[in-house]
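Here are some exercises to work through with the model open beside you. Try each task before you read its solution.

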Amino acid sequence: MSILIDEKTNVIVQGITGRDGSFHARTMVADGTKIVGGVTPGKGGQKVDDIPVYNGVKEAMDATRVDVSVIFVPAKFASAAIKEAADAGVPLIICITEGVPVMEMVENYHYVKRKGLRLVGPNCPGLISPGKCKIGIMPARIHKQGNIGVISRSGTLTYEVVYNLTTAGMGQSTCIGIGGDPVIGSNFIDMLELFEKDPDTAGVVVIGEIGGEDEEAAAEHIKNNMTKPVVAFISGRTAPKGKRMGHAGAIISGGKGTPEAKIKAFAAANVPVADTPDQIPGLLAERVK
Amino acid sequence: MKIHEYQAKELFGDYGIPVQEQVVISKPEDAEAAMSKLGNFVVVKAQVLVGGRGKAGGVKLARSPQEAVEASRQILGLTIKDIPVEKVMLAPAADIGQEFYLGLTLDRTEKQLILMLSKAGGVDIEELAVNRPEEILRFHINPADGIDEAGLNRVLEKVFETPELIQQAADTVQKLYKLTLEKDCSLVEINPYALVAGNRLLALDAKINLDDNGIYKHPDVEKMRNPEEYSADEIEARENSLSFVSMDGDIGCIVNGAGLAMATMDIIKLFGGNPANFLDVGGSSNPQKVLNALRIILRNPRVKAILINIFGGITRCDDIAKGILMAMDQIDIKVPMVIRLIGTNDKEGREMLTEKGFKVAENLSDAVKQVVAHA
């Protein structure tokens, strides 16, 4: 098994006729994902390869079963795209787009949540359950099917960690990029709960970074609720205070969000924090039965 | 993005938040003309994008045009936390009865706005939060619901004593909230929010931080951008769509992806080196970007070695290799370069570079150890 997505998941792509949307729709199809449609307003009736394009999410939902919508539209249209997917009732909405203003995300977060739906992202690489389904932009071939769950605020750093796992012979159940922004749809705890329940996940890697207090909350949750072993990595230990380090959420302000606080919280939860990504497989191997 | 106090007060003025008249000057002699507008007792304040102006001598009172010119001259000669003062703001000196604090910012954990308020205004609020946290009251605002006015009044009653002041403060909070939503602010702060003659509450200081992601919507705010917030390299990097932060070490870094870029700096430090910069070339694979990145990094005379760390996803390693080779043709690179390529088209990229005599690493820790040995 895996969490959130598997070989039966039906996916639509919002922004499928755009440069990024069409490129990644094709790559996802090549990686085995069931893309059942795309959405671009005004381009309904067209096709991208064999994928039918609809004018709206609702129109796509009326035509076929949709489990997930993945959003590739530019930042200024992202909030409207998220709300459109939520209005249509798509159970899982994944927003890849980077650069969505935080105040819009605060509104989007509550909008989706109050409809009982799930949002992942924005500013994230998406999800992959290796060998089953990939929804996002990560290179599928560095992954391998297995029993390790990965949750990360980053993109390429996640690839680095996954590459080290795969090279060490440790496959993954599902890898999720939750996004690098200050306000994101799903946090570490939401994903840890799913991995704890998933019978085919034996251990979890949490890849955090400076900024916010989600890692501290995750550590507390692991201490109280997780029976499966967790290994962590924190990036940004050398970052200067008050500067935004690429990700909008990666900033230390007002004494909060420091790497020290996060490492301390994980230590208190008995979660080892790796110094380098290549230490992670070893730390997992010692703990996963 | 940060803006100056006087710029924040201009925005406050646009939203009807009570502020004083102000004049901004960059030449001391202009203080005399300012006085004729503001009256004969003024405060002169340094306009810099860092805190702690008062302690650094950046705030002075003046009771005559001569004093105002002299105070301006002194403050304009200051350097506060490495930043030279280029502008001062003059405003009428207020007769302050009591100082309060009002701040509105994002609570990332709750995904709501949080209003912070205190009777102990006029002091360093971060210090207050650590030493006397009970003196800061908090009130959440969920933009999905708007302000709960009854709830807001209950918390204002704990800070402000008369219905008249509560009414003024409630009005200011409503306007701060509107400003925050409409201009995509990440922090709006009034410290002190002062009670002055005539039983009026005034924003005697103002601080606004803006969300970089929202600035494209607000050309008026974009015009307020202050070049001194960033180093020259950071500005050039932004113009070239590179995410860049200057650091004080000697190993230049070019990485794709912010998380990996931070982790690369951390590992350099772990193995005894010091990063000269954070640089994310982004998700595209335009060879020109690599060339621009190398140009910016090499302008820093401290840089003794360069590490290029690429994990190809959308970024193709052969495009990165192309960029490196382009740079070799166009710039004279005298420092050693360690290159690590892995992921999409890494084989092609590695071949292109090894043909020209480069050694290309696969493992990140190995690459970092090599570059630290060169620096």
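**Exercise 1. Find which residues A:Ile82 touches, then place A:Ile82 in its core.**

Step 1. Leave out residues up to four places away in sequence; A:Ile82 then touches A:Ile71, A:Ile93, A:Cys95, A:Asn108, A:Val112 and A:Leu119. Contact here means that the C-beta atoms, placed from the backbone, lie within 7 Å.

Step 2. A word on the ground rules: this is a predicted model, in which local features need pLDDT of at least 70 and side-chain atom pairs count only at pLDDT 80 or more, while totals for chains, interfaces and linings use all residues. Residues are numbered from 1 along each chain as its sequence is written, and chains are lettered from A and ligands numbered from 1 in the order in which they are written.

Step 3. Now look at the largest nonpolar core, which has 186 residues; A:Ile71, A:Ile82, A:Ile93, A:Ile94, B:Phe278 and B:Leu279 touch the most other members. Such a core is a set of buried Ala, Val, Leu, Ile, Met, Phe, Trp, Tyr and Cys residues joined through C-beta atoms within 7 Å. Buried means 20 or more other C-beta atoms within 10 Å of the residue's own, exposed means 12 or fewer, and partly exposed lies in between.

Step 4. A separate, second core holds 22 residues, including B:Tyr6 and B:Ile75.

**Exercise 2. Lay out the sheet of chain A that begins with β3 in the order of its strands.**

Step 1. The order is β3-β4-β2-β1-β5-β6-β7, an open sheet of 7 strands with mixed pairing. Strands (E, at least two residues) and helices (H or I, at least four) are DSSP runs numbered from the N terminus, and two strands pair if DSSP finds at least two bridges between them.

Step 2. Check the edges: β3 (47–48) and β7 (118–120) of chain A each have a single partner strand, so one side of each has no neighbour in the sheet.

Step 3. Take one pair. β5 (68–71) and β6 (92–95) of chain A run parallel and are joined by 4 bridges; A:Ile71 stands opposite A:Cys95 of β6(A).

Step 4. Add the helix: α1 (19–30) of chain A lies across β1, β2, β3 and β4 of chain A, at about 165° to β2(A). The angle, on a scale from 0 to 180 degrees, is between N-to-C directions of axes fitted to C-alpha atoms, for helices over the stretch in contact.

**Exercise 3. Which residues of helix α8 of chain A are buried?**

Step 1. In α8(A), residues 259–268, they are A:Pro259, A:Lys262, A:Ala265 and A:Phe266.

Step 2. Look down the helix axis: these residues fall within an arc of 130°, so they line one face of α8(A). The arc is taken from the directions between the helix axis and the C-beta atoms.

Step 3. The buried residues pack against β12, α7, β13 and β14 of chain A. After the helix comes A:Asn270, with a positive phi near 65°.

**Exercise 4. Trace the partners of strand β10 of chain B.**

Step 1. Begin with its cover: 10 of the 12 residues of β10(B), which spans 185–196, are buried.

Step 2. β7 (96–107) of chain B pairs with β10(B) in the antiparallel sense over 8 bridges, and B:Glu99 stands opposite B:Ala194.

Step 3. β12 (207–210) of chain B is also antiparallel to β10(B), over 4 bridges; here B:Leu187 faces B:Asn209.

Step 4. β11 (200–203) of chain B runs antiparallel to β10(B) with 4 bridges, B:Tyr193 being the bridge partner of B:Ala203. These two strands form a hairpin with 3 residues between them, and B:Gly198 in the turn has a positive phi of about 85°.

**Exercise 5. Describe the side of chain B that touches chain A.**

Step 1. Count the residues: 43 of chain B are in contact with 49 of chain A.

Step 2. Find the elements: β13, α9, β15, β17 and α13 of chain B each supply at least two residues, and α9(B) gives the most, with 11.

Step 3. Sort this side by type: 20 nonpolar, 14 polar and 9 charged. Ala, Val, Leu, Ile, Met, Phe, Trp, Tyr, Cys and Pro count as nonpolar, Asp, Glu, Lys and Arg as charged, and the others, Gly among them, as polar.

Notes
Contact = placed C-beta atoms within 7 Å.
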